[in-house]
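Q: Before we begin, could you show me the sequence and the model, so that we can read the features one at a time?

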Amino acid sequence: MDNKILLSPVQLGDLHLKNRLVVAPLTRVRADDKGIPTDMMVKHYTLRSQFGLIITEASSTSHNSKTFGNSGNIYTEEQMQGWKKVVESVHQQGGLICLQIWHGGRTTNKVQIEGRDPVAPSPIAINGQNRYTNLPYDVPHELTIQEIKEVVEEFRKGAINAKNAGFDAIQLHGANSYLVDEFLKDSSNKRTDEYGGSIPNRCRFALEVIDVLISVFGAGRVSVRFSPTGRTNDMYDSNPLELMTYLLSELDKRNIAFVEIKRYNPFDIHINKSDQISPEIQIPDFFKTLRKLYKGNIIGNDSITLTEAETLVQEKTVEAVSFGMLSIFNPDLVQRYVNDWPLNQSTDRTYFYVGGEKLYLDVPLYTDEKKAENGENQVISQ
Ligand SMILES: Cc1cc2nc3c(=O)[nH]c(=O)nc-3n(C[C@H](O)[C@H](O)[C@H](O)COP(=O)(O)O)c2cc1C
């Protein structure tokens, strides 16, 4: 046990993590209809306080930026007060918590934002149907320069609310096909002004938002998440390595707390179009290649087992690892790892986005499982 490097503390900017196991951002839509975090959410996040850091679900900074109903958002006073309860409870248990903020861009449908047009860098709709509304995606409205500035200001207000709620850090969601990613990648950004075309131009929006977050939280408490080879929702970039080379060099200048990078997931269903270069060729030896481009702290993500995480941290390829599925099914992942207890390896997605307390509060801890096996009354973890 002593040689488990994942259990050692690490300093990421101003954040002192007691271990290197991080809860990945996970949208579970358990807030109320006004996007106000619920008591269920207080319990859910608090249960994970023993992780080195919790990154929250994606939280919208404006009504127009919503994609999922009932996520915990951060653009009203009531939402901020709701998050405050989550943060205070996590802090009482000795945890650290970082709010992920985002804008859904073209991934939302008009019906989700009261008939308004979704927005994007360019008026290109995602092919296919939105799996949440079962409607074809709408052609998004191309943001004007003035509107881009307004979105940046929304991020500033969201960050101020996050600070007031007491979050330890803030993360910009720059991954997985949403607005920031749409600006970064050349398949979704066809602009000819200063926000499109060259790589520095495509990165301008992301860096402007990051600078705003730094102005509110201080660089040592700011993070950003990228998925450079991600293909969800029609995303594709012709040269993600060049893109990341520029982005990471810009982030090194800013000295932020950490960058969380999501690698290509071989099980992703939105992949392998015949006219596209495969992700493994675009960025071979993913984390090692990106490590060479960045002096700052990296949190690695996507389909990483505890064994692989040990190796990645041991060899200093990343400073920490975030876990999505494993943290859903093992709220007590840290204790399981400390004690060599077996993991709950379920991948059942039925209750990811529905079901109230199901798979949100009733996931058995290892100690509950043991009691059940021994015929004792099962204690539901809360
Ligand atoms: C139910 C669910 C919700 C997710 N929500 C978010 C989110 O809000 N923000 C985000 O950046 N990624 C989100 N992701 C992606 C995860 O953070 C993570 O990248 C993914 O699960 C791969 O990591 P893993 O293999 O450790 O699960 C979500 C994934 C799942 C399964």
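A: This is a predicted model, and a pairing of two strands is a good place to start: the bridge partner of Ser223 in strand 10 is Phe258.

Q: Which residues do strand 9 and strand 10 span, and how many bridges join them?

A: Strands of a sheet pair through backbone hydrogen bonds, either parallel or antiparallel. Here strand 9, residues 222-226, and strand 10, residues 258-262, run parallel and are joined by four bridges. Packed on the sheet is helix 5 (residues 199-217), which touches strand 5, strand 8 (169-174) and strand 9, and whose direction makes about 170° with that of strand 8.

Q: In what order do the eight strands close into a barrel?

A: The eight strands close into a barrel in the order 3-4-5-8-9-10-11-12, with parallel pairing, and the twist from one strand to the next averages 25°. Helix 2, residues 77-92, lies across strand 4 (53-60) and strand 5 (97-102), running at about 150° to the latter.

Q: Which residues around the ligand come nearest?

A: There are 18 residues around the ligand, of which Pro25, Thr27, Asn301, Ser303 and Met325 come nearest. By character, the shell divides into eight nonpolar, seven polar and three charged residues.

Q: Where do polar atoms of Thr27, Arg225 and Ser303 lie relative to oxygen atoms of the ligand?

A: An N or O atom in the side chain of Thr27 is 2.5 Å from a ligand oxygen, a polar side-chain atom of Arg225 lies 2.9 Å from a ligand oxygen, and for Ser303 a polar backbone atom is 2.6 Å from a ligand oxygen. Of the 610 Å² of accessible area that the ligand has on its own, the protein covers 89%.

How values were computed. Residues numbered from 1 in each chain as written. Predicted model: local features only at pLDDT ≥ 70, side-chain atom pairs only at ≥ 80, totals over all residues. Heavy atoms only, no water. Pairing = 2+ DSSP bridges. Axes fitted to C-alpha atoms, helices over the stretch in contact; angles between N-to-C directions. Contact = heavy atoms within 4.5 Å. Near = heavy atom within 4 Å. Polar contact = N/O pair within 3.5 Å; in protein donor to acceptor, adjacent residues only side chain to side chain. Areas by Shrake-Rupley, 256 points an atom, 1.4 Å probe, with all protein chains shown as cover. Nonpolar A, V, L, I, M, F, W, Y, C, P; charged D, E, K, R; others polar.
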